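Reader: Could you show me how to read a protein model, one feature at a time? I would like to hear the idea and then see it in a real case.

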Amino acid sequence: MNRAKTPPAPTDLSPGSKRIWRDVHQGWDLDESARQLLGIALRGFDRAAQARALVARDGLIVTGTRGPRPHPAVSIERTSTELALKAWRQLNLDVPAPGPMGRPPGRGPA
C-alpha cells in the first residue's frame, strides 16, 4: 500500500505510534479488523509507556495511608504491555522497536 492510501492513524496515538502505524501500512495491506488490532496494540504500547513514565517519576514504591505498596502504574504497564503484545502477535508482525521495522539481524532460525 502506498502512502497516499494509508488510512490516517487514530488521533489518540503518540507520535511514535503514529509512525509505526504508517510504517506498518507501508509494508502490509491491512483489512479493517487488522487495523483495529493495530490500533489496540499501539494504544497498549502507548499506555505502557505512560505508566513507565509515572513509575520513573514517582518511584516503584508509593506510600499512602496503608503504608508502602507498589506503584499502581506497575500493574497498568504490565497489563497494557500484555494486551499490546497479544494484539501484535495476532497480526503476525514483529514487535516494534524504536528503529526500523523488522526482525534484528541474526544467525538464522532459532
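Author: Let's start with accessibility in this predicted model. Asp-58 has a relative accessible area of 36%, so it is partly exposed, since that class lies between the 20% and 50% cut-offs.

Reader: Where is Asp-58 found?

Author: Asp-58 is found in helix H2. You can also look at its place in space: the C-alpha atoms of Asp-58 and Ala-73 are separated by 9.8 Å, while the two residues are 15 apart along the chain.

Reader: Which residue forms a salt bridge with Asp-58?

Author: For a salt bridge, look for a side-chain nitrogen of Lys or Arg within 4 Å of a carboxyl oxygen of Asp or Glu. Here the partner is Arg-57, and the closest N and O atoms of the pair are 2.6 Å apart. Arg-57 is exposed, because its relative accessible area is 62%.

Reader: How many salt bridges does that rule give?

Author: The count comes to four salt bridges. Another of them joins Arg-35 and Glu-32, with 3.2 Å between the closest N and O atoms. Both residues lie in helix H2, three residues apart, which is about one turn of the helix.

Reader: Are Arg-35 and Glu-32 buried or partly exposed?

Author: One of each! Arg-35 has a relative accessible area of 18%, so it is buried. Glu-32 is at 46% relative accessibility and therefore counts as partly exposed.

Reader: What does Arg-52 form a salt bridge with?

Author: Its partner is Glu-77, and the closest N and O atoms are 3.1 Å apart. Arg-52 lies in helix H2 and Glu-77 in helix H3 (residues 72-90), so this pair ties together parts that are 25 residues apart in sequence. Arg-52 counts as partly exposed because its relative accessibility is 40%, and Glu-77 also falls in the partly exposed class, at 22%.

Reader: Helix H2 keeps coming up. What span should H2 have, and how far apart are its end C-alpha atoms?

Author: The idea is to count 1.5 Å a residue and compare that with the model. The 27 residues of H2 should span 39 Å, and its end C-alpha atoms are 39 Å apart, so the two agree. Just after the helix comes Gly-59, whose phi is positive, near 100°.

Reader: Which residues of H2 are buried, and what do they pack against?

Author: The buried residues of H2 include Ala-34, Leu-38, Ala-41, Leu-42, Phe-45, Asp-46 and Val-55. The buried residues of this helix pack against H1 and H3.

Reader: Can we look at H1 from its own side? Which residues does Ser-17 contact?

Author: Happily. Ser-17 lies in helix H1, which covers residues 15-27. Leaving aside neighbours within four places in sequence, Ser-17 is in contact with Leu-42 and Asp-46. Ser-17 counts as buried because its relative accessibility is 4%.

Reader: And what does Lys-18 touch?

Author: Lys-18 is also found in helix H1. Not counting residues up to four places away in sequence, Lys-18 touches Ala-9, Pro-10, Thr-11 and Leu-13. Its relative accessibility is 26%, so Lys-18 counts as partly exposed. The C-alpha atoms of Lys-18 and Gly-39 are separated by 9.6 Å, with the residues 21 apart along the chain.

Reader: How should I read a pocket? What lines the second largest pocket?

Author: Ask about its space, then its lining. About 200 Å³ of space lies in the second largest pocket. Its lining includes Asp-12, Ser-14, Ile-40, Arg-43, Thr-79 and Leu-83. H2 gives the most to this lining, with six residues, and H2 and H3 each supply at least two. By class, the lining has two nonpolar, five polar and four charged residues.

Reader: Now for the whole protein. How many helices and strands are there?

Author: The protein has three helices and two strands, and along the sequence they follow the pattern α-α-β-β-α. Of its 110 residues, 31% count as buried.

Reader: What share of the contacts comes from residues 24 or more positions apart?

Author: Among contacts with a separation of 6 or more, such residues account for 49%. The salt bridge between Arg-52 and Glu-77 is a good pair to find in the model yourself.

Conventions. Residues are numbered from 1 along each chain as its sequence is written. This is a predicted model: local features need pLDDT of at least 70, side-chain atom pairs count only at pLDDT 80 or more; totals for chains, interfaces and linings use all residues. Side-chain values use heavy atoms; hydrogens and water are left out. Helices (H or I, at least four residues) and strands (E, at least two) are DSSP runs, numbered from the N terminus. Buried means under 20% relative accessible area, exposed over 50%, partly exposed in between (1.4 Å probe, protein chains only). Contact means heavy atoms within 4.5 Å. The expected span of a helix is 1.5 Å times one less than its number of residues. On a 1 Å grid over the protein atoms alone, a cavity is a set of points where a 1.4 Å probe fits but cannot get out, and a pocket is an open set with protein on both sides within 12 Å along at least five of seven lines; lining residues have an atom within 4 Å of a point. Grid points are joined across faces, edges and corners, and a volume is the space filled by probe spheres set on the points. Ala, Val, Leu, Ile, Met, Phe, Trp, Tyr, Cys and Pro count as nonpolar, Asp, Glu, Lys and Arg as charged, and the others, Gly among them, as polar.
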